[in-house]
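User: I am new to this structure and would like a close look at a single part, the packing of two helices and what lies beside it. Please take me through it carefully.

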Amino acid sequence: MIPLLDPLLAPAVVLGMAGAVLVASRSVRTRMAGFGAWMVGNALWVAHGIGSGDAYVTVMFAFYWVTAVMGVVNCGERPGPFS
């Protein structure tokens, strides 16, 4: 029997893993895409945390969402040492 994929958590997991791969890139555009993936994935985790009443998941992924936004802002400033 094939388990059904959770419509909220499955994309959250995929976006989180894709973001991790993308932010490791030397390309600023690719890193920006990674931070964007993290922002969407983290927002899904926050929605899950709120929906399930899990304050720990909600707070942790809300914090991760803020750091992903900071990553987008910092990518736009100037290239880093590995760009």
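Analyst: What follows describes one helix pair and then two residues beside it. The model is predicted, so local features need pLDDT of at least 70 and side-chain atom pairs count only at pLDDT 80 or more, while totals for chains, interfaces and linings use all residues. Residues are numbered from 1 along each chain as its sequence is written, and side-chain values use heavy atoms, leaving out hydrogens and water.

Helix α1 (residues 9-22) packs against helix α2 (residues 28-52) at an angle of about 155°, with the axes 7 Å apart; helices here are DSSP runs of H or I with at least four residues, and axes are lines fitted to C-alpha atoms over the stretch in contact, with angles running from 0 to 180 degrees between N-to-C directions. The two are therefore roughly antiparallel, a term for angles over 145 degrees. Among the residues of α1 that meet α2 (contact means heavy atoms within 4.5 Å) are Leu9, Gly16 and Leu22, and on the α2 side the list includes Ala37, Trp45 and His48.

Also in helix α2 is glycine 49, which is buried at a relative accessible area of 1%, where buried means under 20% with a 1.4 Å probe, protein chains only. Not counting residues up to four places away in sequence, glycine 49 touches Asp54, Val57 and Thr58. Threonine 58 sits in helix α3 (residues 55-75) and also counts as buried, at 17% relative accessibility. With that same exclusion, its contacts are Val46, Gly49 and Ile50, and a polar atom of its side chain lies 3.2 Å from the backbone nitrogen of isoleucine 50.

Technical notes: Angles under 35 degrees count as roughly parallel, over 145 as roughly antiparallel, 65 to 115 as roughly perpendicular and the rest as oblique. Buried means under 20% relative accessible area, exposed over 50%, partly exposed in between (1.4 Å probe, protein chains only). A polar contact is a pair of N or O atoms within 3.5 Å; within protein, one must be able to donate a hydrogen and the other to accept it, and residues adjacent in sequence count only if both atoms are side-chain atoms.
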